[in-house]
Amino acid sequence: MNLLELNHVEKSFENLSVLKDISISIGEGEIVSIIGPSGSGKSTLLRCATMLEKMDGGEIVYLGKKAAWTDKDGHVVYADKKDMKEIRSQYGLVFQNFNLFPHYSVLKNIVDAPIHVQKRDKETVYQEARELLKKMGLADKEDYYPCQLSGGQCQRVAIARALALNPKILFFDEPTSALDPELTAEVLKVIRSLADLNIAMVIVTHEMAFARDISHRVIFMEGGVIVEEGTPEKVFASDNERMRSFLGRYG
Ligand code: ADP
Ligand code: MG
């Protein structure tokens, strides 16, 4: 069974059609990069998939369970609160700007949701959080506040926070685009290390070498449609004119 299926997703802002009939499926442990020029709808797609944004049409299915669908009158319906809670526990999201709680320590940023939202055992959660921090190379930073950390360290805390919820699928929206090149490398290294955990990852990125290297599949979006999709070898060698022109700018 696929972890995630997006079927015929549509989204407009006012008169601007941003996602046009987008269908994507993500299998267990699969790593998929989404590339494309700025404004092509990549963030909107992640925001619709994670239900931070309401779509206008289509269907979203997590592990065979419908999170959203279009009824016979063409209205989008979302699953009820109880189902949605279960569905939301399947995925995590890492943003461009980290979105850490500034008034919480590093450790508290990580343990807060597992304890208060997932109601898991406190001691286990703390133990796992410390292990995650170790994995992220931040074992000595648990009492620090986000403002005392570099951008790269903040992003690694954000990744630890997402992992602490034990997601089956992690979404990254340009996780390194707010970082200097040397900090970018340390965050990419951490993301690379997650490839062994068998968590599916959907990564929006402008780091072409990274996308080529880490992905099982690459999706190239432009103007709200999927222009190319396939293995990195196939997509990066595509002779599609729009793909070539994009790679000329970013590749
Ligand atoms: P990308 O992440 O690929 O750069 P986005 O999904 O952020 O693209 O944006 C796609 C288009 O949708 C852009 O033209 C953007 O201006 C527009 N857009 C995104 N969010 C909103 C919003 N909340 N209100 C109006 N327009 C938006
Ligand atoms: Mg974006």
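User: What makes strand E4 and strand E5 a pair here?

Analyst: Keep in mind that this is a predicted model. Strand E4 (residues 57–62) and strand E5 (residues 65–70) are joined by three bridges in the antiparallel sense. Pairing needs at least two bridges, so the two strands qualify. As for who faces whom, Tyr-62 stands opposite Lys-65 in E5.

User: And what sits between E4 and E5?

Analyst: Two residues, and the strands form a hairpin. Leu-63 in that turn has a positive phi of about 50°.

User: How do you know that E5 also pairs with E6?

Analyst: Same kind of test. Three bridges link E5 to strand E6 (residues 76–78), and a pair takes at least two, so E5 and E6 count as paired. They run antiparallel, with Thr-70 opposite Val-76 in E6. This hairpin has five residues between the strands, and Gly-74 takes a positive phi near 85°.

User: Why is Glu-14 called exposed?

Analyst: Count its neighbours: 5 other C-beta atoms lie within 10 Å of Glu-14. The label applies at 12 or fewer, so Glu-14 is exposed. You'll find Glu-14 in the loop between strand E1 (4–13) and E2. Its phi is positive, about 50°, although Glu-14 is not a glycine.

User: Then why is Asp-21 called only partly exposed?

Analyst: Asp-21 has 14 other C-beta atoms within 10 Å. Exposed stops at 12 and buried starts at 20, so a count of 14 puts Asp-21 in between, as partly exposed. Asp-21 sits in strand E2, and Asp-21 has a positive phi of about 55° despite not being a glycine.

User: Let's turn to the ligand. What makes a residue such as Phe-13 part of the shell around ligand 1?

Analyst: The cut-off is a C-beta atom, placed from the backbone, within 6 Å of the molecule. Phe-13 is on the resulting list, and so are Leu-16, Val-18, Gly-36, Ser-38, Gly-39, Ser-40, Gly-41, Lys-42, Ser-43 and Thr-44. Strand E2 (16–26) and helix H1 (42–49) are the elements giving two or more residues to this shell. H1 gives the most, with three.

User: How does that shell divide into nonpolar, polar and charged?

Analyst: Three residues are nonpolar, seven polar and one charged. Gly counts as polar in this scheme, so Gly-36, Gly-39 and Gly-41 go in the polar group. Lys counts as charged, so Lys-42 is the charged one.

Note on methods. Residues numbered from 1 in each chain as written. Chains lettered and ligands numbered in written order. Predicted model: local features only at pLDDT ≥ 70, side-chain atom pairs only at ≥ 80, totals over all residues. Helix = DSSP H or I, 4+ residues; strand = E, 2+ residues; numbered from the N terminus.
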